[in-house]
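The exercises below concern one protein chain. Work through each task before reading its solution.

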Amino acid sequence: GEFARDIEILKATGVAVVFAAGNYGPAVGSSVEPGNNPGSLSVGAVDFYQDLLFQSSRGPSACGGAIFPSLVAPGQDIFAAGLTGGGSNPSAYAYLTGTSIAAPHVTGAMAVLMAAMPDVTASQLDSAIRAGALDLGVSGLDNDTGAGYLDAVEAYLLLATWAAADGDGDGVSDPLDQCPNTPAGAFVDRNGCSASQLDSDADGVSDALDLC
């Protein structure tokens with residue numbers, strides 16, 4: 001739990017938290033910090049055929065026995081920026097393998113989704129990434145591949161569906177609506193709240209009727 005408080009603070013300020021699952025597989029229960037903190041989105045690694053890499057850490061999580069990892073992403077022979085090695089590799093590119101190169105696929109997908117939907121929250125991003133993953137292996141969540149294989153398009157479609165939902169018909173989507181039960185036909189502010197729903201001074205009288 002060394003990083004639990006840090007993760008809690010980051011998420012409270014709207015920062016999405018993603019960590020590599022670790023390369024301590026194939027043993028069962030080979031999760032490591034900080035990926036196995038309950039508040040983390042942990043990423044395991046698969047190859048080109050979506051088979052789990054031998055070294056990718058497995059669950060259950062050492063922190064409470066939860067499913068681990070959260071999901072998986074490409075992690076074998078990924079061509080990416082690398083170290084120059086003091087000039088021995090002047091091109092500064094390398095083929096990298098492991099969960100540390102799988103996790104950036106998820107953070108990159110999140111960045112793209114945030115660019116497409118600026119109003120999306122870190123919590124909604126996390127949920128969409130998990131729910132949109134392509135199930136691998138045994139049906140449902142498992143301790144090898146978690147929710148499955150990263151699918152940014154499916155995550156986008158889920159976010160779009162959630163954003164379009166407007167249960168009370170006030171013109172503000174449910175994920176952004178702070179007053180979800182607006183009376184029919186009432187004028188609302190940008191947060192989806194009508195005057196009859198607001199009570200700024202918390203005196204039990206709505207702003208619409210409050211003279212003091």
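Is R58 buried or exposed? R58 is buried, with a relative accessible area of 11%. Buried means under 20% relative accessible area, exposed over 50%, and partly exposed in between, with a 1.4 Å probe and protein chains only.

This is a predicted model, in which local features need pLDDT of at least 70 and side-chain atom pairs count only at pLDDT 80 or more, while totals for chains, interfaces and linings use all residues. Residues are numbered from 1 along each chain as its sequence is written, and side-chain values use heavy atoms, with hydrogens and water left out.

**Exercise 1. Salt bridges**

Task: find the salt bridges and say where their partners sit.

Solution.

Step 1. Apply the rule: a side-chain nitrogen of Lys or Arg lies within 4 Å of a carboxyl oxygen of Asp or Glu. The count comes to three salt bridges.

Step 2. Take R58. Its side chain meets that of D144 in a salt bridge, at 3.8 Å from N to O. This pair links distant parts of the chain: R58 is in the loop between β2 and β3, D144 is in the loop between α3 (122-131) and α4, and the two are 86 residues apart. Helices here are DSSP runs of H or I with at least four residues, strands are runs of E with at least two, and both are numbered from the N terminus. D144 is partly exposed at 38% relative accessibility, whereas R58 is buried at 11%.

Step 3. Go to helix α3. D126 and R130 both lie there, four residues apart, about one turn of the helix. Their side chains form a salt bridge with an N to O distance of 2.5 Å. D126 counts as buried at 12% relative accessibility, and R130 as partly exposed at 29%.

Step 4. Go to helix α1 (residues 4-12). R5 and E8 are three residues apart in this helix, which means a separation of about one helical turn. The closest N and O atoms of this salt bridge are 2.9 Å apart. R5 is exposed, with a relative accessible area of 52%; E8 is partly exposed, with 47%.

**Exercise 2. The sheet**

Task: work out the strand order of the three-stranded sheet and describe the surroundings of β2.

Solution.

Step 1. Strands of a sheet pair through backbone hydrogen bonds, either parallel or antiparallel. Two strands count as paired if DSSP finds at least two bridges between them.

Step 2. List the pairs. β1 and β2 run parallel and share three bridges; in one of the contacts, F19 has S42 of β2 as its bridge partner. Strand β2 (residues 41-46) is joined to β3 by four bridges, also in the parallel sense. Partners here include V43 with L71 of β3 and V46 with P74 of β3.

Step 3. Assemble the order. The result is an open sheet, β1-β2-β3, with parallel pairing. Its edge strands are β1 (18-20) and β3 (71-74), each of which pairs on one side only. From one strand to the next the twist averages 45°, taken between axes fitted to C-alpha atoms (for helices over the stretch in contact), with angles from 0 to 180 degrees between N-to-C directions.

Step 4. Check burial. Six of the six residues of β2 are buried, so this strand is largely enclosed by the rest of the structure. L41, V43 and A45 point one way, while S42, G44 and V46 point the other way.

Step 5. Look at β1. A20 lies in this strand and is partly exposed, with a relative accessible area of 23%. The C-alpha atoms of A20 and P104 are separated by 8.5 Å, although the residues are 84 apart along the chain.

**Exercise 3. Cysteines**

Task: identify any disulfide and state what it ties together.

Solution.

Step 1. Search for cysteine sulfur atoms within 2.5 Å of each other. The whole structure yields one disulfide.

Step 2. Name the pair. C179 and C193 form the link, with sulfur atoms 2.0 Å apart. The angle about the S-S bond is 85°, and the link is right-handed.

Step 3. Place the link. C179 and C193 both lie in the segment after α4 (152-164), so the disulfide ties together parts that are 14 residues apart in sequence.

Step 4. Compare accessibility. C179 is buried at 11%, and C193 is buried at 6%. C63 is partly exposed at 23%, and C212 is exposed at 81%.
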